[in-house]
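User: I've got a model open here and I'd like to talk through how it's put together. Can you take my questions one at a time?

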Amino acid sequence: MLYAIISQDVENSLALRQQVRSQHLARLNQLKDQGRLVLAGPHPAIDTEEPGSSGFTGSLIVAQFDSLQAAKHWSEQDPYIAAGVYQQVTVKPVSYTHLRAHETGRKVVFRLLREKKKGGGGGGG
């Protein structure tokens, strides 16, 4: 099942993030290599792709785990927690059936990635 890991940063977290970013990304790359990562990214503190010194206010990860407990356990091991980046982390299941029911345009990528992982083809590339 898919789970959303929604994290809220402490104030002025940019320096803390930078200290352990490579370890955080290594864990995400493990999920990616296993075909379990759907999407991941930070929430910029200002309305731009590259917030610079304004930094970030949190993160969103959507990935496949065997259970809610497994997703929570994985999220608790994030280097950003140990470094004090996150003040709060929420893990919630994502209904793939309903996600797919609402797909349009860009959203179709979620379905294609999921089908590719299951071996259903899903459109090639």
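User: Let's start simple: what does the secondary structure of the protein come to, and in which pattern along the sequence?

Analyst: Keep in mind that this is a predicted model. The protein has 5 helices and 4 strands. Going along the sequence, they follow the pattern β-α-β-β-α-α-β-α-α.

User: Of the contacts between residues at least 6 apart in sequence, what percentage join residues at least 24 apart?

Analyst: The protein has 125 residues, and 30% of them are buried. Taking the contacts between residues at least 6 apart, the share that joins residues at least 24 apart is 70%.

User: Which elements each supply at least two residues of the largest nonpolar core?

Analyst: That core has 10 residues in all: Tyr3, Ile5, Leu28, Leu31, Ile61, Ala63, Phe65, Ala71, Trp74 and Val91. Two strands and two helices each give it at least two residues, namely β1 (2–9), α1 (14–33), β3 (56–64) and α2 (68–76).

User: And how many residues are in the second, separate core?

Analyst: This one includes Leu2, Val62, Val94 and Tyr96. Counting its full membership, the second core comes to 5 residues.

User: Which residues is Phe65 in contact with, leaving aside its neighbours within four places in sequence?

Analyst: Phe65 is buried, and it belongs to the largest nonpolar core. With those neighbours set aside, its contacts are Met1, Tyr3, Ile5, Leu31, Arg36, Ala70, Ala71 and Trp74.

User: Is the ring pair of Phe65 and Trp74 stacked, edge-to-face or tilted?

Analyst: The structure holds 3 aromatic pairs. In the one formed by Phe65 and Trp74, the ring centres are 5.7 Å apart and the planes are at 50°. Stacked needs planes under 30 degrees apart and edge-to-face needs over 60, so with planes at 50° this pair is tilted.

User: What about Tyr80 and Tyr86: stacked or edge-to-face?

Analyst: Tyr80 and Tyr86 are both buried. Their ring centres lie 5.5 Å apart, with the planes at 85°. Anything over 60 degrees counts as edge-to-face, so that's what we call this pair: edge-to-face.

User: Which residues do ring pairs link into a cluster?

Analyst: We've already met two of them, since Phe65 and Trp74 form a tilted pair. Ring pairs bring in one further residue, and the cluster reads Tyr3, Phe65 and Trp74.

User: Last one: which residue's charged end sits over the ring of Trp74?

Analyst: Trp74 is buried, and its ring is part of that aromatic cluster. A charged end sits 4.0 Å from the centre of this ring, and it belongs to Arg27.

Notes
Residues are numbered from 1 along each chain as its sequence is written. This is a predicted model: local features need pLDDT of at least 70, side-chain atom pairs count only at pLDDT 80 or more; totals for chains, interfaces and linings use all residues. Side-chain values use heavy atoms; hydrogens and water are left out. A nonpolar core is a set of buried Ala, Val, Leu, Ile, Met, Phe, Trp, Tyr and Cys residues joined through side-chain atoms within 4.5 Å. Buried means under 20% relative accessible area, exposed over 50%, partly exposed in between (1.4 Å probe, protein chains only). Contact means heavy atoms within 4.5 Å. Rings of Phe, Tyr and Trp (its six-membered ring) pair if their centres lie within 6.5 Å; planes under 30 degrees apart count as stacked, over 60 as edge-to-face and the rest as tilted. A charge sits over a ring if NZ of Lys or CZ of Arg is within 6 Å of the ring centre and within 35 degrees of the ring normal.
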